Amino acid sequence: MNSPPSSCSSALTHSTSSSNTDTPPSPSAAVCRALLLIQSDDLSLKIEAAKEIRRLTKTSQRCRRQLADAVKPLVCMLRVGDDDSVENESALLALLNLAVKDEKNKISIVEAGALESIISFLQSQNSILQEYATASLLTLSASTINKPVISACGAIPLLVEILRNGITQAKVDAVMALSNLSTHSDNLDIILKTNPIPSIVSLLKTCKKSSKTAEKCCALIESLVGFDEGRIALTSEEGGILAVIEVLENGSLQSREHAVGALLTLCQSDRCKYREPILREGVIPGLLELTVQGTPKSQSKAQTLLRLLRDTPYPRSELQPDTLENIVCNIISQIDGDEQSGKAKKMLAEMVQVSMEQSLRHLQQRALVCTPTPNDLPISSCTSEVSSK
């Protein structure tokens with residue numbers, strides 16, 4: 001049995017910490033005991049240590065650092081092909097907690113050779129082990145350094161398979177892991193080849209639209225529709241565009257930004273091809289709301305998409321300026337009679353009212369700071385003129 005780190009030797013016999021505030025706190029007796037037991041040749045003691053490491057690292061960032069030396073022996077506990085091993089489950093959960101919010105441990109786990117076992121567990125008949133393995137890849141894939149290594153080990157097709165057929169929590173973790181991996185540009189081609197969009201849309205339809213799951217689904221879709229295969233897959237999937245629009249209407253701010261980004265990418269790639277499918281699903285009310293309530297990026301994208309969705313993306317004439325109201329009126333005139341048209345008209349009227357009120361306040365504020373001259377209009381005249389529009 002290997003010796004525990006030297007810092008633990010004194011901690012096991014002296015429970016009081018140093019009074020020198022410049023010295024990092026010594027590991028607790030529990031941490032040192034776990035490091036000692038994980039090095040044991042006795043399997044039952046190793047399992048006990050793994051469970052203790054999981055407990056200690058559940059919420060403590062300091063324990064994650066202090067228990068970094070446990071990574072290699074925990075990885076050695078993982079046994080490929082043993083679906084019913086308590087040893088595998090205990091070690092995997094301990095490694096998962098060690099990796100949470102600790103970049104060094106994430107990298108150390110991969111460097112220690114854990115991926116071979118973890119990826120084999122993705123194919124396990126044991127759904128619990130499969131779920132733990134998926135959660136582990138989700139955490140490890142948050143590291144930029146790990147992303148190309150994970151994809152090179154063949155994890156992406158297996159994650160997509162779990163997205164198709166796994167249990168609910170495993171599907172959620174799989175889509176989040178794929179979203180993490182998609183931020184490495186070389187991985188997008190690999191993800192596209194697995195035809196993931198039908199499964200992503202299926203999960204998006206069933207999850208809460210304001211959830212983190214919906215955000216990651218839309219982030220993936222936004223990336224994938226940058227490719228022709230992704231655009232074809234989304235528009236071919238029944239309810240695919242509608243699912244994205246539902247997130248645009250009811251998602252978190254970040255989700256809505258991804259959703260409008262995906263729709264804008266579609267329309268910019270081939271306006272003639274995708275304009276009608278997007279309009280048909282009733283996108284206008286959500287876009288109108290986003291122009292005033294979204295993030296700065298969302299607002300800009302929503303306004304650009306509205307311009308693309310009207311009959312022509314260019315200003316009609318000098319008599320009809322290129323304002324948001326005129327753009328939307330033009331779109332509404334083409335879908336008159338549809339249920340969404342009435343909703344859009346109501347929202348447009350509200351937007352115009354808000355715009356008028358803002359203009360009125362702006363004029364009143366200017367009037368308060370400016371000294372009137374004989375040529376100036378009275379405030380009351382300005383107010384009457386604005387309010388009569």
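Where is N195 found? Keep that question in mind while you look around; the tour will come back to it.

**The whole chain**

Start with everything selected. This is a predicted model. Show the protein chain as a cartoon and you will find 24 helices and zero strands. The chain has 389 residues, and buried residues make up 47% of them. Now think about contacts between residues at least 6 apart in sequence: 66% of these join residues at least 24 apart.

**The nonpolar core**

Next, select L74, L204 and L263. Within the largest nonpolar core, which has 97 residues, these three touch the most other members. Add helix α12 (residues 168-182) to your selection, as this helix gives the core its largest share, eight residues. Try colouring domain 1 (27-194) and domain 2 (197-312) separately: both give residues to the core, so the core lies between them. In soluble globular proteins, nonpolar side chains tend to be buried together.

Zoom in on L263. Leaving out residues up to four places away in sequence, L263 touches I241, V244, I245, L248, I278, V283 and L305. Remember L305, because you will meet this residue again among the buried residues of helix α21.

**Helix α21**

Select residues 296-309. With 14 residues at 1.5 Å a residue, helix α21 should span 20 Å, and its end C-alpha atoms are indeed 20 Å apart. Which residues of α21 are buried? They are S298, A302, L305, L306, L308 and L309. These residues cover an arc of only 160° around the axis, so they sit on the same side of α21. Turn the helix to the face pointing away from its buried side, and you will find the exposed residues P296 and K297.

**Helix α3**

Now select residues 43-56. Helix α3 also has 14 residues, and its first and last C-alpha atoms are 20 Å apart, close to the 20 Å expected. Its buried residues are K46, I47, A49, A50, I53 and L56. Show the helices they pack against: α2 (29-38), α4 (61-66), α5 (71-77) and α6 (86-99).

**Two stops on helix α9**

Select S136, which is found in helix α9 (residues 127-140). Is S136 buried or exposed? Its relative accessible area is 4%, so S136 is buried. The side chain of S136 reaches the backbone oxygen of Y132 at 2.9 Å. Beyond its neighbours within four places in sequence, S136 is in contact with L92, L96 and I118. For a distance to try in your viewer, pick the C-alpha atoms of S136 and N97: they are 39 residues apart along the chain, yet separated by 8.9 Å.

Then move to T139, also in helix α9. T139 is buried, with a relative accessible area of 15%. Not counting residues up to four places away in sequence, T139 touches L96, A99, V100 and K106.

**Two positive phi values**

Most residues other than glycine have a negative phi. Select K101, in the loop between α6 and α7 (103-111). K101 is not a glycine, but its phi is positive, at about 55°. K101 is also exposed, with a relative accessible area of 70%.

Finally, back to the opening question. N195 is found in the loop between α13 (185-193) and α14 (197-206). Its phi is near 50°, a positive value in a residue other than glycine. At 42% relative accessibility, N195 counts as partly exposed.

Technical notes. Residues numbered from 1 in each chain as written. Predicted model: local features only at pLDDT ≥ 70, side-chain atom pairs only at ≥ 80, totals over all residues. Heavy atoms only, no water. Core = buried A, V, L, I, M, F, W, Y, C linked by side-chain atoms within 4.5 Å. Buried < 20%, exposed > 50% of the residue type's maximum accessible area, 1.4 Å probe, protein only. Helix = DSSP H or I, 4+ residues; strand = E, 2+ residues; numbered from the N terminus. Domains from an automatic or database assignment. Contact = heavy atoms within 4.5 Å. Polar contact = N/O pair within 3.5 Å; in protein donor to acceptor, adjacent residues only side chain to side chain. Expected span 1.5 Å × (residues − 1). Arc of directions from axis to C-beta.
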